[in-house]
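Q: I have the model open and would like a close look at a single part, the way one chain is divided into domains and what surrounds that division. Could you walk me through it and then follow the connections outward?

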Amino acid sequence: MSTTWLPCSVYHQNYAQDHGWWQTRFIKGKMIALFIILFFVIPHFADEYWLSVFNQVGYTVLGALGVQLLIGYCGQITLGHAAFIAVGAYTSTLLILEFPWPKFMMDWGLAYPSSIIIAAIVAGIWSVLFGLPSARVKGFYLILTTMAAQFITVDFLITGYVSQIGGRGQAFSLPPGTIRVGPWVIDDDRKVYFMMIILVIICITCLVNLLRSRVGRAWVAIRDNDISAEVMGINIVKYKLFAFFVAGFIGGIAGSFWISNLAAISPEHFPWFWSLWLVGVILIGGVGSIHGTIFGSIFMVVVMEVLQLIVMQFVDTSWGERLFMDFLFLKEAAFGLAICVFMIFEPNGLAYRWWQTKNYFNLWPFSY
Amino acid sequence: MSKKEPILKINNIEVKYHEVILVIKGVSIEVPEGGIVALLGANGAGKSTTLKAVSGLLKHEDGEVTDGSIEFMGQRIDKMKAERIAKMGVVQVIEGRRVFEHLTVEQNLKVGAHMRKDARPLKDGLEMVYNYFPRLKEKRNEIAGFISGGEQQMTVVGRALMTNPKLILLDEPSMGLAPLLIHEIFNIITKLHQEEKISILLVEQNAKLALSVAPHAYVMENGRIVMDDSSEKLLENPDIKDFYLGLTDVGGRKSFRDVKHYKRRKRWLT
């Protein structure tokens, strides 16, 4: 997304101001307000149901960040991101259940946090493996190779082999108390919420900073014009693979975070539809924008919840009952409709509207 | 050897596309260190292909240098990857103003400095580019896709400068620009050449302008070099006058007999 105009009568006088994170005092105030809302207002006033909705949003944000990086910033269209989330979730689960952690790690509750890091790295490497074809193929052909990631990883390897480890059958359940961060046992939505918000903030901060650096510029250069990028001395293959690694890394964090909410995982949690869903999230939010990832996630989750509430109203009637049974299909239909409507009326996504609104107020009395 | 080694030596190369289409048939070009050399020719003569052969971009179009060699500072580069060649200091300004249109002008320039790791030369480089193109300094926070064509061309040349090049391959810097702007850009190019001692291989349709900038020029037709001489001599050459500069010998009307005559000679030349 483009740069935002400064408000009237605000001018930058040096580079430090020009490159600052929070360029005006208004933005600083806004961010502090957001911080207070996220850490104090929401957990204090929201009930369990709303917290679970927020957790869903956070999970979607974490999952969609990687997709946003690949599609929106590096131009590598991917339709298999759920695979890397699944790799993260399964690595983390297996580490917690099977790995002989030293006693002090268990006592201090370090097993789960360190499993998140390991899961992220494993998912990143797995993602690089399926990013390798991007050295040779572009566009539609790359979509197919990333879809292969989904089918090979989830449908073949995880369902067929990984789920059988330990002879538990299909689903792995995590006994209460195993998911523990330091002294806190993550066992209700409020704790999951705090973990989610911290992970989301860390991931977004790191990714945005990466995008401002030479790595980020190289990614956008590859997206905008890969031939020019190559002439500038950018090693295209290396940077594409690095983008896949970072995307997989964040996907792995998303996966291993989500097991704290699920407490039991099975391959059905990571269907191919979830990969498609994440692409839909960034299309609706705005491709090439971190704001867009967040707006898209909020929009999609809230729309689905509202849809569910509406359907619940009619459960008593006979046709409503059928509607309820068919909710899964209703959800998919709503997803399709939302994408169609957005592509026609708002092809730049919600982030574009946000950008326009911000500029309108920044330039307000003299908008020319 | 008393003669100074040329910085770029294209030695009798042959380029094929898709392994069947022979486009360049034995082209040899030498660019002296710190010199400007112009490459003239009609559309489809193979000028851009020659540049792509040097910068290593041929493989994107399924092309390959099948014969001959390209030497840059005494090292063979015709089998190298484009980004390796760029790292050695050869940078091509691709025709058609390929800015990264979603980045700001300054970010575009910073992408040019991708190969420089530390911050100090980056700042000096930005300072230098803004010095040559003051217009870019005004526009530095604008999105490159939204600035005018001339400014985009300046951005692209500036981006090439940021790589700290030894040799710039300029592919039609005047394409689609207003005559005044073309003059501005060419003035900057000559200034660059004089002050920064960068060698330039220039491909240009505007022969008069190119010959006024470059002391030496090659003329290509149908994938071959048909003439190569100093600019003064080329400017005097009746064929060049007739076909590239649009002047007739005596200022009289052109007759078809002369055209036929040239065609025959051209066939002999090629």
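A: Happily! Keep in mind that this is a predicted model. Chain A is divided into domain 1 (53-270) and domain 2 (272-368). Taken over C-alpha atoms, the centres of domain 1 and domain 2 of chain A are separated by 23 Å.

Let's look at where these domains of chain A touch. Domain 1 of chain A puts 22 residues in contact with 20 residues of domain 2 of chain A. On the domain 1 side, helix H3 (48-73), helix H4 (81-98) and helix H8 (189-212) of chain A each supply at least two residues. The largest share of that side, 13 residues, comes from H3(A). By class, the side of domain 1 of chain A that touches domain 2 of chain A has 14 nonpolar, 8 polar and no charged residues.

H4(A) is worth following a little further. The axes of H4(A) and helix H7 (residues 140-160) of chain A come within 8 Å of each other and cross at roughly 35 degrees. From H4(A), the contact is made by A:Ala82, A:Ala83, A:Ala86, A:Val87 and A:Tyr90, and from H7(A) by A:Ala149, A:Gln150, A:Thr153, A:Val154 and A:Ile158. This contact of H4(A) with H7(A) has 8 nonpolar, 2 polar and no charged residues.

For a single residue to click on, try A:Val181, which is found in strand S2 (residues 180-181) of chain A. A:Val181 counts as partly exposed because it has 18 C-beta neighbours inside 10 Å. Leaving aside neighbours within four places in sequence, A:Val181 is in contact with A:Gly109, A:Tyr112, A:Pro113, A:Ile186 and A:Met195. A:Phe35 lies 146 residues from A:Val181 in sequence and 22 Å from it in space, C-alpha to C-alpha.

Now on to the neighbouring chain. The contact between the chains takes 18 residues from chain A and 26 residues from chain B. On chain B, helix H2 (82-88), strand S6 (90-93) and helix H3 (105-112) each supply at least two residues of the side that touches chain A. That side of chain B has 10 nonpolar, 10 polar and 6 charged residues.

One helix pair across the chains makes a good place to zoom in. Helix H9 (residues 214-224) of chain A and H3(B) pack at an angle of about 100 degrees, with their axes 10 Å apart, so H9(A) is roughly perpendicular to H3(B). Here A:Arg217, A:Ala218 and A:Ala221 in H9(A) meet B:Gln107, B:Lys110 and B:Val111 in H3(B). The residues of this contact divide into 3 nonpolar, 1 polar and 2 charged.

S6(B), which supplies part of the side touching chain A, also leads into a sheet. In chain B, 6 strands form an open, mixed sheet in the order S6-S7-S8-S3-S9-S10. S6 and strand S10 (224-230) of chain B stand at the edges, each with a single partner strand, so one side of each is left without a neighbour in the sheet. The twist averages 15 degrees from one strand to the next. Within the sheet, strand S7 (residues 167-171) and strand S8 (residues 199-203) of chain B pair in the parallel sense over 5 bridges, and B:Leu169 stands opposite B:Leu201 in S8(B). Helix H1 (residues 47-55) of chain B lies across strand S3 (36-41), S6, S7, S8 and strand S9 (216-221) of chain B, running at about 150 degrees to S7(B).

Notes
Residues are numbered from 1 along each chain as its sequence is written. Chains are lettered from A and ligands numbered from 1 in the order in which they are written. This is a predicted model: local features need pLDDT of at least 70, side-chain atom pairs count only at pLDDT 80 or more; totals for chains, interfaces and linings use all residues. Two residues are in contact if their C-beta atoms, placed from the backbone, lie within 7 Å. Helices (H or I, at least four residues) and strands (E, at least two) are DSSP runs, numbered from the N terminus. Ala, Val, Leu, Ile, Met, Phe, Trp, Tyr, Cys and Pro count as nonpolar, Asp, Glu, Lys and Arg as charged, and the others, Gly among them, as polar. Axes are lines fitted to C-alpha atoms, for helices over the stretch in contact, and angles run from 0 to 180 degrees between N-to-C directions. Angles under 35 degrees count as roughly parallel, over 145 as roughly antiparallel, 65 to 115 as roughly perpendicular and the rest as oblique. A residue is buried if 20 or more other C-beta atoms lie within 10 Å of its own, exposed if 12 or fewer, and partly exposed in between; C-beta atoms are placed from the backbone. Domain bounds come from an automatic or database domain assignment. Two strands pair if DSSP finds at least two bridges between them.
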